[in-house]
Amino acid sequence: MGLIHIELFATLDLVGQAPGGPDEDPEGFPFGGWQAPLLDETAGEQIGAAYEGTDALLLGRRTYDIFAAYWPHQKGGPDNEIAALFNSVPKYVASRGTPDLPWAGSTQLGPDLADAVREIRDRHEHVKVVGSLDLVQSLLREKLFDRLDLWVNPIVLGVGKKVFDGGAVPTNLTLLQPPAAGPKGAVYLRYALAEGTPATGDMSAPDRGLRPDA
């Protein structure tokens, strides 16, 4: 069985909407492209390393349309390496409609998202979910992911779609490596899904030495 990796860019208030450009997801959101001024060489290397071994993409409809209009035309350019990867691997698209899928290697998922994702996980080793916040919400609710790569950037927007929306379920995660910060302040966090649900405790318990009279 393979792994489902979620790759997300977020602000300090965990807004993940339209990091790449002003036309990415503009409805009611004035900060499209907020990530561009914060990119640096460190983040670029982290992102490149995160995609190593990718053998399939799992995308929401909006992200698919953006990628399909861009990546097939980047061959031989400065982003040739990632373009070659994205253009060569299978693309699986989650959509409730009947979208046109012109990008070579693209397939629409069936109506049962959970079953479709499980089949993809069985078919591939490293499936990457990029952006696609609506799809991500479904994967988080169903715990249909194995890894979460999160780049947290040093800005607060106050508006926009969140990485963890109101439908998120209690979930444990394990940090796979120490957090890494770039020169412009983005912090890279790499997590794995862990078993169980978050535990609770008492900070004033005697064995913690936190009672007022301790």
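**Exercise 1. A charge and a ring**

Which residue lies over the face of W103, and at what distance from the ring centre?

Solution. The model worked on here is a predicted one. Step one is to look at the ring of W103: K91 lies over its face. Step two is the distance, which is 4.5 Å from the ring centre.

**Exercise 2. The ring pairs around F86**

Describe the aromatic pairs that F86 forms with Y51 and with F67, and say which parts of the chain they tie together.

Solution. A pair of aromatic rings is described by the distance of the centres and the angle of the planes.

Step one: the structure holds 9 aromatic pairs. Among them is the pair of Y51 and F86, with 5.4 Å from centre to centre and 85° between the planes. Planes over 60 degrees apart count as edge-to-face, and this is how the pair of Y51 and F86 is classed.

Step two: Y51 is in the loop between α1 (41-50) and β2, while F86 is in helix α3, so their pair ties together parts 35 residues apart in sequence. Y51 counts as buried because its relative accessibility is 7%. F86 is buried as well, its relative accessible area being 2%.

Step three: F67 and F86 form a stacked pair, with centres 5.7 Å apart and 20° between the planes. F67 belongs to helix α2 and F86 to helix α3, so this pair ties together parts that are 19 residues apart in sequence. At 14% relative accessibility, F67 also counts as buried.

Step four: ring pairs link Y51, F67, Y70, W71 and F86 into a cluster.

**Exercise 3. The buried residues of α3**

Which residues of helix α3 are buried, and what covers them?

Solution. Step one: helix α3 spans residues 80-88, and its buried residues are I82, A83, L85, F86 and N87. Step two: the cover over these buried residues includes β2, α2 (61-70) and β3.

**Exercise 4. Two nonpolar cores**

How many residues does the largest nonpolar core have, and which element gives the most to it?

Solution. In soluble globular proteins, nonpolar side chains tend to be buried together.

Step one: the largest core has 27 residues, and I6, L8, L58, L109, V129 and L139 have the most contacts inside it. Step two: the elements giving two or more residues to this core include β1 (3-11), β2 (56-60), α4 (113-123) and β6 (147-153). Helix α5 gives the most, with 5 residues.

Step three is to follow one of the residues named above. Setting aside residues up to four places away in sequence, L139 touches I6, L58, V117, V129, L144 and F145. Step four: a second, separate core has 26 residues, including V15, L38, W151 and Y188.

**Exercise 5. R190 in its strand**

Where is R190, and what does it touch?

Solution. Step one: R190 is in strand β9, residues 187-194. Step two: a polar contact of 3.2 Å joins its side chain to that of Y188. Step three: apart from residues up to four places away in sequence, R190 touches A50, L148, D149, T174, L175, L176 and Q177.

**Exercise 6. K184 in its loop**

Place K184 and list its contacts.

Solution. Step one: K184 sits in the loop between β8 (180-181) and β9. Step two: because its relative accessible area is 42%, K184 is partly exposed. Step three: leaving aside neighbours within four places in sequence, K184 is in contact with P37, L38, L39, D40 and P154. Step four: K184 and T42 are 142 residues apart along the chain, and their C-alpha atoms are separated by 9.1 Å.

Note on methods:
Residues numbered from 1 in each chain as written. Predicted model: local features only at pLDDT ≥ 70, side-chain atom pairs only at ≥ 80, totals over all residues. Heavy atoms only, no water. Core = buried A, V, L, I, M, F, W, Y, C linked by side-chain atoms within 4.5 Å. Buried < 20%, exposed > 50% of the residue type's maximum accessible area, 1.4 Å probe, protein only. Helix = DSSP H or I, 4+ residues; strand = E, 2+ residues; numbered from the N terminus. Contact = heavy atoms within 4.5 Å. Polar contact = N/O pair within 3.5 Å; in protein donor to acceptor, adjacent residues only side chain to side chain. Phe/Tyr/Trp six-rings, centres within 6.5 Å; stacked < 30°, edge-to-face > 60°. Lys NZ or Arg CZ within 6 Å of the ring centre and 35° of its normal.
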